[in-house]
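Hi,

Here is the structure I promised to pass on to you. Please open it alongside this email, and my notes on what turned up follow underneath.

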Amino acid sequence: MIAPGGLYVVATPIGNLGDMSRRALAVLAQVDIIACEDTRSTRVLLDHYGIQTPTLALHDHNELAQTGPLLARLRSGDAVALVSDAGTPLISDPGYRLVAAARNAGLAVHPIPGACAAIAALSAAGLASDRFCFEGFLPPKPAARRARLAQLAGEPRTLILYESSHRIVDTLADLVAAFGAARPAVLARELTKRFETFLGPDLAGIAASLAADRDQRRGEFVLVIAGNPDPDAAALALGRRIHAALAGELSPSRAARIAAEISGASRRALYAGRDGSADADADADRVAET
Ligand code: SAM
């Protein structure tokens, strides 16, 4: 028996059915019920493999309501599988609340690993992979997206983002503005599918390729972006922007204090940089001591 009672978090392919693991198929065939992000798309996958296990919907809008009944089933000894439309559940997909609730209740939770677009992109991008951070989707509204990018510009680890075809061009323009055109980056498109493409070698190169070829703007995307090799400089640049925005409202020393707190840059450097003068440096010494 591959699937005794417990919750099985089952990865499914991100485009190529050949990536469905034998263990995932066995678990899906043996569990009592499969909780799916979208029952219709999962049914297509199950039908392909002749799996008749019943399904129920578990998505962002009903996850809270479904968690109680699913926990009751798990407590009674049932085996429950959790799948999303593609890839690994919980990775920019529903399931976190159910998994957390099952763990908090002391119930068994088993990962059945497989495809994940973020890891597939990182594994083939050729950018540093020893330390990375996954940011999922950026906020859809431009102001919030730019604010998030300003926070991320100094991140020293490789950054992984998901993006949709509707926003890929705008997001790249914002990335160029926030991170600089020369930041090494790779855009992984349509991974494991017929039109799989990798574009690079930096943000400017990717933006130019998308501008030149409409077809490159179609499909699903993962952006892998090199970390900032000089995070102190990035923090200072962010701090200067915040300081400049606050300068009209607050005293220079107060503006420097707040800008330093938000950006992580040195308060002294921000205060000294307000007009770059020797007097400013001397003032900064006094401010730094307060
Ligand atoms: N849980 C999934 C995983 O493990 O990758 C991600 C789900 S998220 C809702 C969907 C996003 O993942 C897409 O908008 C795209 O950014 C990325 N993605 C999924 N499949 C992809 C593929 N075949 N190629 C490139 N990106 C993909």
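Let me start with a loop: P201 sits in the one between β9 (197–199) and α8 (203–212). The peptide bond that joins G200 to P201 is cis, with omega at about 0 degrees. Please keep in mind while you look that this is a predicted model.

Another backbone detail is at L90, in the loop between β4 (79–83) and α4 (96–104). L90 is not a glycine, yet its phi is positive, at about 80 degrees.

Now to the overall layout. The protein chain splits into domain 1 (7–115), domain 2 (118–225) and domain 3 (231–289). If you take the centres over C-alpha atoms, domain 1 and domain 3 are 50 Å apart.

Where does the ligand lie with respect to domain 1 and domain 2? Domain 1 (7–115) and domain 2 (118–225) both contribute residues to the shell around the ligand, so the ligand lies between them. The space that the ligand takes up is also the largest pocket.

The shell itself is worth a closer look. The ligand is surrounded by 19 residues, and the closest are D93, A117, Y162, L191 and F221. By character, the shell residues divide into 11 nonpolar, three polar and five charged. Two strands stand out here: β7 (158–163) and β10 (221–225) each supply at least two residues of this shell.

Which backbone atoms come up against nitrogen atoms of the ligand? Here are the ones I noted:

- L191: a polar backbone atom lies 2.8 Å from a nitrogen atom of the ligand.
- I14: a backbone N or O atom is 3.0 Å from a nitrogen atom of the ligand.
- A86: a polar backbone atom is 3.3 Å from a nitrogen atom of the ligand.

As for burial, the ligand on its own has 570 Å² of accessible area, and the protein covers 90% of that.

If you have a moment, I would suggest looking at the ligand first and then at the two loops. I would be glad to hear what you think.

Best wishes

How values were computed:
Residues are numbered from 1 along each chain as its sequence is written. This is a predicted model: local features need pLDDT of at least 70, side-chain atom pairs count only at pLDDT 80 or more; totals for chains, interfaces and linings use all residues. Side-chain values use heavy atoms; hydrogens and water are left out. A residue is near a molecule or strand if one of its heavy atoms lies within 4 Å of it. A polar contact is a pair of N or O atoms within 3.5 Å; within protein, one must be able to donate a hydrogen and the other to accept it, and residues adjacent in sequence count only if both atoms are side-chain atoms. Accessible areas come from the Shrake-Rupley method with a 1.4 Å probe; for residues, only the protein chains shown count as cover. On a 1 Å grid over the protein atoms alone, a cavity is a set of points where a 1.4 Å probe fits but cannot get out, and a pocket is an open set with protein on both sides within 12 Å along at least five of seven lines; lining residues have an atom within 4 Å of a point. A molecule sits in a cavity or pocket if more than half of its atoms lie within 2 Å of its grid points. Helices (H or I, at least four residues) and strands (E, at least two) are DSSP runs, numbered from the N terminus. Ala, Val, Leu, Ile, Met, Phe, Trp, Tyr, Cys and Pro count as nonpolar, Asp, Glu, Lys and Arg as charged, and the others, Gly among them, as polar. Domain bounds come from an automatic or database domain assignment.
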